[in-house]
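Work through the two exercises below with the coordinates open, and compare each step with the solution that follows.

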Amino acid sequence: MITRVLIADDEPLARERLRELLRSLAPGAALREVGDGGAAVEAIRDWAPDAVFLDVQMPGGDGFAVVSAIGAQAMPPTCFVTAYDAHALRAFEVAAVDYVLKPFDDARFEAAWTRLAQVHAARSLVDEARRFSALLAAVAGTAATTGGGESENPASAATGRFAERLVIRDGDRSYPVQVSDIRWIQSDGNYVDLFTPAGRHTLRETLQELERRLDPARFVRIHRRVIVAIDQIRELQPWFAGDQVLILRDGTKLRVSRTRREAVVSRLEGRG
C-alpha cells in the first residue's frame, strides 16, 4: 500500500488539485509537496516516497533531471503530470508508470493512481522475495554466493526483467501501450497485434521476441500464433478434433491447440 506520496510541481494550483485528488483516493497517505527539481531530488533521497507525481518543467531542474539525479531504476513509481504531450515518449523511456496531461479529469487521475499502486505492490513483493531469499541463503550458509547478487528465482526479478509497456509506432506517431492492458496477442509474420480495451495496436516484432519480454506468470501461449493474459481467461470448452476453445472475459473465443492444452491447464491451476 502506498503510504507516502511526493508532489513535485512549481504551480501552487496544480499541487492543490493533486493534493485534493490524493486525499480522496488515499486519505491515509502522507503527502509532501515541493516546487522545484532540486527539492524533489532531496525529498526522494531523504523521505523515500512510495510514489511521485512529477511535473516536467520546473525551476531548479526539470522532471527528467530529477530522474537522472536519482537514477531511473532507483526512482519510486512515477507519474509525470504536465501540460505538454511532447515529452510522453521520453517519459516512458525513463520508466514512467504513467503520463497525465493537464487538464485532466478525476477518472484519468484515478487510473494513473491505480497503476502507481499496482507497480508499488509488485515492487514490494519482489523486495520481500529478495529479503526472504537472502535470509534462507544466510541460514543455509550460502549467503556468499547469493547475498547482494541477482536472484536466480524468476519471480524475484520479475518487475525488473519484463516489459511493463510497449511503444507502438504508427507513421510519425509513437505511443505506449501498458502491458497490463493487453488481453491477448496474435502474430502476423513479423508483426503482432495487441488487443486491449482501447482496441488493436500493431507492433513490429515477432511473437517469439515479444514472448521473451512478457512475464510468464501473467501470459500463456495457447497456440503458435496466440498468447493470452491469464487474468483475462474466463473458461475452457471442448472443441473439434481434441482442441479446446478458450473464452476470455470479454467474450472473445480463441482456439487452444492440442500441443498447448496441457500447458495451459497447468498454468491455470498454478502448476506451470
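A polar contact is a pair of N or O atoms within 3.5 Å; within protein, one atom must be able to donate a hydrogen and the other to accept it, and residues adjacent in sequence count only if both atoms are side-chain atoms. The model is predicted, so local features need pLDDT of at least 70 and side-chain atom pairs count only at pLDDT 80 or more, while totals for chains, interfaces and linings use all residues. Residues are numbered from 1 along each chain as its sequence is written, and side-chain values use heavy atoms, with hydrogens and water left out.

**Exercise 1.** Determine which residue caps the N-terminal end of helix 3, and which residues of the helix are buried.

*Solution.* The cap is D62, with a side-chain oxygen 3.1 Å from the backbone nitrogen of F64. Within helix 3 (residues 63–70), the buried residues (under 20% relative accessible area, 1.4 Å probe, protein chains only) are G63, F64, V66, V67 and I70. Seen down the axis, they fall within an arc of 155 degrees, so they line one face of the helix. Just after helix 3, G71 takes a positive phi of about 100 degrees.

**Exercise 2.** Establish the strand order of the sheet, and its edge strands.

*Solution.* The five strands form an open sheet in the order 2-1-3-4-5, with parallel pairing, where pairing requires at least two DSSP bridges. Strand 2 (30–34) and strand 5 (98–101) are the edges, each pairing on one side only. Inside the sheet order, strand 3 (residues 51–54) and strand 4 (residues 78–82) pair over three bridges, and V52 stands opposite T78 in strand 4.

Notes
Buried means under 20% relative accessible area, exposed over 50%, partly exposed in between (1.4 Å probe, protein chains only). Helices (H or I, at least four residues) and strands (E, at least two) are DSSP runs, numbered from the N terminus. The arc is that of the directions from the helix axis to the C-beta atoms.
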